[in-house]
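Trainee: Could you walk me through this structure and explain the terms as we go?
Mentor: Gladly, let's look at it together.
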Amino acid sequence: MTTALATRAVDRRELLPWALAALLVLTSIAYPLTSGAERDSVSWTIVVLGAALSVSHAGLSRGASVGLRLLLLVAGTAVAFEAVGLATGFPYGRYHYSAALGATLLGVPFLVPLAWLMLAWPSWILAGRLTRRASPTRRSGVRVAVAAAVFAAWDVVLDPQLVQAGYWTWSHPAPGLPGIPTVPLTNLAGWLLAGGVLMTLIHRVVIPAALPSAPRIGDAAPLAAIAWITLGGALAQAGWLGLPGSAAWGAVLATPVLVALVRQRRAARNVP
């Protein structure tokens with residue numbers, strides 16, 4: 001009887017991340033179908049839902065302290081990197097935000113740290129899946145590196161879409177990746193650097209606070225939401241937004257991840 005009640009309690013905890021993930025997916029479908037102020041509202045809603053999903057899932061699955069540390073650490077790191085980037089051009093290159101994103105802190109719109117939160121936690125979780133076969137002595141470092149790469153890869157797909165929406169503009173967008181003329185390569189380099197710092201901090205500051213007794217509710221909700229943002233976003237870019245270049249990059253970057261996950265799943269099924 002006690003075990004059954006505990007199982008039902010864990011299941012109820014899992015409802016919040018899944019509800020947020022479902023709302024995020026439904027809202028993202030509206031993005032290519034709107035424009036102007038309506039699209040701005042959709043963008044804000046997607047990011048707020050994504051940030052709430054990351055923080056709530058981290059707190060529910062690994063303990064409230066993990067959720068709180070994740071919120072404070074990612075938001076603080078985002079503001080620090082973006083404020084330096086706006087003032088100096090390092091590490092992303094010269095860019096400026098438009099007034100469409102609203103209120104700012106140190107010149108950084110509040111939407112930006114929320115977007116970091118939306119992407120950082122799923123990147124960390126996905127990296128854990130992709131590095132399961134790494135040797136125990138190297139696993140932590142490999143996971144940090146893979147998480148940083150995943151974090152930067154999201155931006156390769158999303159940045160051209162948000163530049164198109166007029167949320168920010170690059171002073172010198174060339175040279176860029178083939179098919180993406182509006183975003184410079186310096187941005188990718190900057191995101192790899194920022195991702196490396198952020199994932200190292202998550203590993204050293206956030207994860208040690210995890211409670212052994214926390215209910216491991218599963219990681220499917222944040223992974224499903226961010227997978228939709230990437231693959232669904234690529235579909236929207238190709239079919240509705242006129243961004244075939246970033247859509248193609250989304251497919252290129254997602255393919256090896258999907259292959260690795262499928263192989264892991266098959267290998268797990270074959271284990272006696």
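Mentor: Below we take up burial, a salt bridge and some helices.
Mentor: This is a predicted model, where local features need pLDDT of at least 70, side-chain atom pairs count only at pLDDT 80 or more, and totals for chains, interfaces and linings use all residues. Residues are numbered from 1 along each chain as its sequence is written, and side-chain values use heavy atoms, leaving out hydrogens and water.

Trainee: Why is Arg62 called buried?
Mentor: Buried means under 20% relative accessible area, with exposed over 50% and partly exposed in between (1.4 Å probe, protein chains only). Arg62 has 11% relative accessibility, so Arg62 counts as buried.

Trainee: What makes Asp219 and Arg62 a salt bridge?
Mentor: The term asks for a side-chain nitrogen of Lys or Arg within 4 Å of a carboxyl oxygen of Asp or Glu. In this pair the closest N and O atoms are 3.3 Å apart, so the rule is met. Asp219 sits in the loop between helix H6 (185–206) and H7, and Arg62 in helix H2, so the pair ties together parts 157 residues apart in sequence. By this rule the count is 1 salt bridge.

Trainee: How do you know that the span of H7 agrees with its length?
Mentor: Helices (H or I, at least four residues) are DSSP runs, numbered from the N terminus. The expected span is 1.5 Å times one less than the number of residues. For the 20 residues of H7 (residues 220–239) that gives 28 Å, and the end C-alpha atoms are 27 Å apart, which agrees. Among the buried residues of H7 are Ala221, Pro222 and Leu223.

Technical notes: Helix = DSSP H or I, 4+ residues; strand = E, 2+ residues; numbered from the N terminus.
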